[in-house]
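Student: I'm new to this structure and would like to look closely at one part of it. Could you help me with a single spot and then show me how the rest fits around it?

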Amino acid sequence: MIESLLVANRGEIARRIIRTAKRLGIRATAVYSEADADLPFVVEADEAVLIGPPNPAQSYRNTEAILAAAKSTGAQAIHPGYGFLSENAEFARTVEASGLIWVGPGADAITAMGDKINARNLMAAAGVPVAPGTTEPAADLDAAVTAAAEIGYPVMVKAAAGGGGMGMGVAVDEAALRTEYDKVRAFAERMFGDGSVLIERYFPRVRHVEVQILGLADGRVVALGERECSVQRRNQKLVEESPSPAVSPELRERFLAAAVRAGEAVGYRNAGTVECLLDPTTGDFFFLEMNTRLQVEHPVTEYVYGIDLVEEQLRVASGLAPTFDPDALTPRGHAIEMRINAEDPKRFLPGPGVIRTWVEPTGEGVRVDSGYTEGNTVTPFYDSLLAKLIVTGATRDEVLERAKTAVAAFHIEGPKNNVPFFSELLENAEFRSGAYDTGIVSRMR
């Protein structure tokens with residue numbers, strides 16, 4: 001097993017990785033920016049290294065500073081968490097070329113799945129269902145218009161190099177397409193340095209369901225169940241649950257088999273997620289993208305399958321067998337995760353500030369993965385995620401009731417936060433029924 005680890009991330013995911021590393025007797029080093037000097041993950045690490053100012057380009061995306069920190073602290077491996085450099089193939093290659101262990105999928109797999117058009121084509125060749133769409137970038141607006149006419153409106157206009165719900169727009173007709181194409185292309189060039197755009201069929205009423213996969217050290221790929229991720233704002237997730245209330249045993253078998261094929265098609269190792277769109281009326285599902293990293297919502301899978309995904313990542317990176325029997329994976333119970341963000345609960349606009357009060361809920365079936373505590377300052381430099389509230393139990397109904405109690409007990413004063421939204425959601429008849437889709441938040445607003 002790896003003996004020393006540098007965590008190239010911040011906030012709750014850094015704390016999460018550090019916690020497992022220390023449990024396993026692995027020395028954990030944190031890196032931090034000037035803005036994060038007082039956050040819990042810095043204190044909880046065995047060692048912490050300041051790597052730059054608040055701007056992520058000068059700190060958490062600064063390859064040279066991170067590698068220098070690894071060298072100075074004697075780290076054997078680097079865990080990138082999610083976001084920042086986690087899906088940067090060049091960073092992964094540089095880490096390994098430096099003689100360090102990369103706790104994640106290989107650079108080739110990251111490259112293959114990082115371009116959405118290439119990923120779609122690979123998945124189609126592997127027999128994974130894909131939605132109608134372009135097989136190469138729409139070179140210009142005329143090409144986009146032609147493609148949309150062939151696919152049929154409405155269409156989704158997407159940045160080929162995008163991710164995390166960014167760089168997307170919906171066009172219901174040609175006039176809208178002309179606007180969205182220019183908008184998405186400009187955004188993609190600015191954010192990703194790649195203005196390539198793809199056109200896909202847009203499904204107005206659809207569910208977002210993903211499958212957790214793990215590529216083992218022996219070359220096998222296993223699927224660890226599905227997660228429902230349809231509660232979203234601006235195409236970004238707010239709530240995840242496992243198992244999905246929309247997935248029958250027969251559909252689950254098809255989902256998991258397709259996800260395994262997806263991983264095998266790129267020789268996948270370590271943790272990843274195959275994201276799909278599910279048409280609830282027909283039961284048809286389509287490949288959306290693969291996230292080549294640990295997901296924010298991994299705790300719900302951890303509960304349902306009784307494993308520590310970070311530990312499994314470290315074991316794969318160390319060339320070790322998993323702690324579980326890959327041929328006897330049995331889900332149990334239900335879990336829901338709610339993303340507690342520093343944003344107002346109505347319009348979901350960011351609201352940084354000093355945390356004057358921070359009281360986390362406790363009790364049976366309640367877990368909080370937090371990045372902050374009382375007295376910390378939430379700055380505008382990073383993602384608005386404050387914490388993840390995970391509630392577990394034997395059944396979905398039990399979890400919903402526990403979640404209501406837990407949300408009511410979560411008190412944050414200072415920055416704006418979306419805790420009140422979850423109180424509203426947990427009383428919403430559509431959500432409680434389990435028969436919801438990606439439009440639920442817009443209908444609530």
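Student: Leaving aside its neighbours within four places in sequence, which residues is Asn428 in contact with?

Tutor: Keep in mind that this is a predicted model. Asn428 is in contact with Ile440 and Met444, once you leave aside its neighbours within four places in sequence. To find Asn428, go to the loop between α13 (419-425) and α14 (429-433). Is that spot buried or exposed? Asn428 has a relative accessible area of 18%, and buried means under 20%, so Asn428 counts as buried. For a sense of distance, take Pro380, which is 48 residues from Asn428 along the chain: their C-alpha atoms are separated by 31 Å.

From here, let's step into the core. The largest nonpolar core has 96 residues, and Phe431 is one of those with the most contacts inside it, along with Ile78, Val231 and Met338. Strand β19 (residues 385-393) gives this core its largest share, six residues. A second, separate core has 27 residues, including Ala112, Ala223, Val260 and Phe285. As background, nonpolar side chains tend to be buried together in soluble globular proteins.

Phe431 also leads us to Ile336, since Phe431 is among the residues that Ile336 contacts. Ile336 sits in strand β14, and a relative accessible area of 1% is why we call Ile336 buried. Other contacts of Ile336, again leaving aside neighbours within four places in sequence, include Val239, Glu240, Glu241, Val300, Leu389, Ile390 and Val391. Ile336 and Pro243 are 93 residues apart in sequence, yet their C-alpha atoms are 9.1 Å apart in space.

Pro243 is worth a pause. The peptide bond from Ser242 to Pro243 is cis, with omega near -5°, and Pro243 lies in the loop between β11 (236-242) and α9 (249-265). There is another cis bond from Tyr153 to Pro154, with omega near 0°. You'll find Pro154 in the loop between α7 (141-151) and β6 (155-159).

Now for some backbone angles. Asn235 has a phi near 65°, a positive value in a residue other than glycine, and its place is the loop between β10 (221-233) and β11. With 39% relative accessibility, Asn235 is partly exposed. Phe348 also has a positive phi without being glycine, near 60°. That residue is in the loop between β14 (334-341) and β15 (353-354), but Phe348 is buried, at a relative accessible area of 4%.

Val300, which we met as a contact of Ile336, belongs to α10, where His298, Pro299, Val300, Thr301, Glu302, Val304 and Tyr305 are buried. That makes seven of the eight residues of α10 (residues 298-305), so this helix is largely enclosed by the rest of the structure. Just after α10, Gly306 takes a positive phi of about 65°.

Let's go back to Ile78, another of the residues with the most contacts inside the largest core. Not counting residues up to four places away in sequence, Ile78 touches Ile66, Leu67, Phe91 and Val95, among others. Those four names come up again where α3 meets α4: the contact is made by Thr63, Ile66 and Leu67 of α3 and Phe91, Thr94 and Val95 of α4. By class, that contact has four nonpolar, two polar and no charged residues. The axes of α3 (residues 63-73) and α4 (residues 89-97) come within 11 Å and cross at roughly 30°. The two helices are therefore roughly parallel to each other, and their crossing is right-handed.

Here's another helix pair to set beside it. Helix α5 (residues 107-114) and helix α6 (residues 116-125) pack at an angle of about 100°, with their axes 5 Å apart. That angle is why α5 and α6 count as roughly perpendicular to each other. Ala112, Met113 and Gly114 in α5 meet Lys116, Asn118, Ala119, Leu122 and Met123 in α6. By class, these residues divide into five nonpolar, two polar and one charged. Ala112 also appears in the second, separate core.

Conventions:
Residues are numbered from 1 along each chain as its sequence is written. This is a predicted model: local features need pLDDT of at least 70, side-chain atom pairs count only at pLDDT 80 or more; totals for chains, interfaces and linings use all residues. Side-chain values use heavy atoms; hydrogens and water are left out. Axes are lines fitted to C-alpha atoms, for helices over the stretch in contact, and angles run from 0 to 180 degrees between N-to-C directions. Angles under 35 degrees count as roughly parallel, over 145 as roughly antiparallel, 65 to 115 as roughly perpendicular and the rest as oblique. A crossing is left-handed if the near helix is turned anticlockwise from the far one by less than a right angle, and right-handed if clockwise. Contact means heavy atoms within 4.5 Å. Ala, Val, Leu, Ile, Met, Phe, Trp, Tyr, Cys and Pro count as nonpolar, Asp, Glu, Lys and Arg as charged, and the others, Gly among them, as polar. A nonpolar core is a set of buried Ala, Val, Leu, Ile, Met, Phe, Trp, Tyr and Cys residues joined through side-chain atoms within 4.5 Å. Buried means under 20% relative accessible area, exposed over 50%, partly exposed in between (1.4 Å probe, protein chains only).
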